[in-house]
Amino acid sequence: MTALNCPLRRFHNNRYVYNLHQKNGFTCMLLGEIFELVQLLFVVGFTVFLANCVDYDILFANKFVNHVDSSKVTLPDAFLPMDVCSARIRGNAFVIFVLIISGVFWLHRLVKFLYNVCCYWEIRSFYSHALKMTMSELSYATWQEVQARIVEIQKEHQICIHKRELTELDIYHRILRFKNYMVAMVNKSLLPVRFGLPVIGEYVFYTRGLKYNFELIFFWGPGSLFENEWSLKPEYKRGSNRLELA
């Protein structure tokens with residue numbers, strides 16, 4: 001039992017257990033996260049390059065280039081010299097602003113990536129030590145098989161201390177806990193997502209950005225309701241504090 005304590009520390013966050021299975025193991029997850037970081041750098045860098053370092057008059061043959069050996073215009077002919085390109089970038093306040101915002105966002109993604117790697121490494125240990133599944137086996141295992149092993153080891157090791165036996169429904173409730181909270185709050189009209197517009201009538205406004213802000217406030221922001229990813233803060237559990245905290 002002692003040997004399993006470390007791998008099971010994050011079992012309460014079944015989302016990581018589920019995500020690692022859906023991403024086909026630790027290596028695939030790691031590569032996917034790295035490619036996302038590289039993709040962001042490429043998209044921002046390539047967009048800035050196209051906007052500031054290309055002479056489109058040459059590219060679309062509106063301006064001719066003198067060639068010694070050939071009259072054919074090649075793609076490098078449309079590229080501006082490095083000093084001209086860097087000067088145009090430094091002289092464009094909007095581009096500098098976009099680069100700063102993109103840099104801050106990329107650093108945020110990098111910190112999140114490092115945190116996720118640590119979390120998924122623990123879940124990898126959970127699969128290896130508790131569920132007796134290697135990452136190569138995980139790629140061919142169904143989620144139902146993973147669930148069956150979790151239910152089975154609960155009987156032996158009590159990985160969830162709140163219940164003696166786990167069911168598949170308990171596992172799904174833990175995975176979808178935050179989503180269930182959001183669905184319930186929308187259904188009870190506790191979130192301002194419906195607006196009455198003239199002529200059009202009732203309109204639902206629920207974008208990804210708004211959803212992200214709600215999740216930041218309720219679940220994992222500095223002043224969120226949860227002290228960790230599976231437990232409410234004690235003050236929110238006391239009915240006498242509801243009006244004050246609202």
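**Salt bridges, helix packing and backbone features**

A search of the whole of this predicted model finds 3 salt bridges.

Q: Which residue meets E33 in a salt bridge?
A: The partner of E33, which itself sits in helix α2 (residues 26-52), lies 10 residues apart from it in the loop between α1 (14-22) and α2. The two side chains come to 3.8 Å, N to O, and a salt bridge requires such a pair to be within 4 Å. The residue that meets E33 is therefore K23.

Q: Is E33 buried or exposed?
A: The relative accessibility of E33 is 11%, and buried means under 20% relative accessible area. Its partner K23, by contrast, has a relative accessible area of 35% and is partly exposed. E33 therefore counts as buried.

Q: How many residues apart are R109 and E36?
A: The side chains of R109 and E36 meet in a salt bridge at 2.6 Å, N to O. R109 belongs to helix α5 (residues 93-130) and E36 to helix α2, so that the pair links distant parts of the chain. At 24% relative accessibility R109 counts as partly exposed, and E36, at 38%, also counts as partly exposed. Along the chain, the separation of R109 and E36 is 73 residues.

Q: In which helix do E215 and K211 both lie?
A: The side chains of E215 and K211 meet in a salt bridge at 2.7 Å, N to O. They are 4 residues apart, which is about one turn of the helix. E215 is buried, with a relative accessible area of 19%, whereas K211 is partly exposed at 35%. The helix that holds both E215 and K211 is α10 (residues 208-220).

Q: Are α7 and α8 roughly parallel or roughly perpendicular to each other?
A: Helix α7 (residues 143-157) packs with helix α8 (residues 168-175) at an angle of about 105 degrees, and their axes are 10 Å apart. Angles of 65 to 115 degrees count as roughly perpendicular, and the angle between these two helices lies in that range, so α7 and α8 are roughly perpendicular.

Q: How many nonpolar residues does the contact of α7 with α8 have?
A: On the α7 side the contact is made by W143, Q144, Q147, I150 and V151, and on the α8 side by E168, I171, Y172 and I175. By class, 2 of the contact residues are polar and 1 is charged, while the number of nonpolar residues is 6.

Q: What is the helix content of residues 89-107?
A: The unreviewed UniProt entry lists residues 30-51 and 89-107 under "transmembrane region". In the model, residues 30-51 are 100% helix and 0% strand, with their end C-alpha atoms 32 Å apart. For residues 89-107 the end C-alpha atoms lie 21 Å apart, the strand content is 0%, and the helix content is 89%.

Q: Where does N24 lie?
A: N24 has a phi near 65 degrees, a positive value in a residue other than glycine. At 38% relative accessibility, N24 counts as partly exposed. The position of N24 is in the loop between α1 and α2.

Q: Is S189 buried or exposed?
A: S189 has a positive phi of about 60 degrees although it is not a glycine, and it lies in the loop between α9 (177-187) and β1 (194-197). Its relative accessibility is 52%, and the cut-off for this class is over 50%. S189 therefore counts as exposed.

Terms used:
Residues numbered from 1 in each chain as written. Predicted model: local features only at pLDDT ≥ 70, side-chain atom pairs only at ≥ 80, totals over all residues. Heavy atoms only, no water. Axes fitted to C-alpha atoms, helices over the stretch in contact; angles between N-to-C directions. Parallel < 35°, antiparallel > 145°, perpendicular 65-115°, else oblique. Contact = heavy atoms within 4.5 Å. Nonpolar A, V, L, I, M, F, W, Y, C, P; charged D, E, K, R; others polar. UniProt positions renumbered as here; feature names shortened; annotations may be inferred. Buried < 20%, exposed > 50% of the residue type's maximum accessible area, 1.4 Å probe, protein only.
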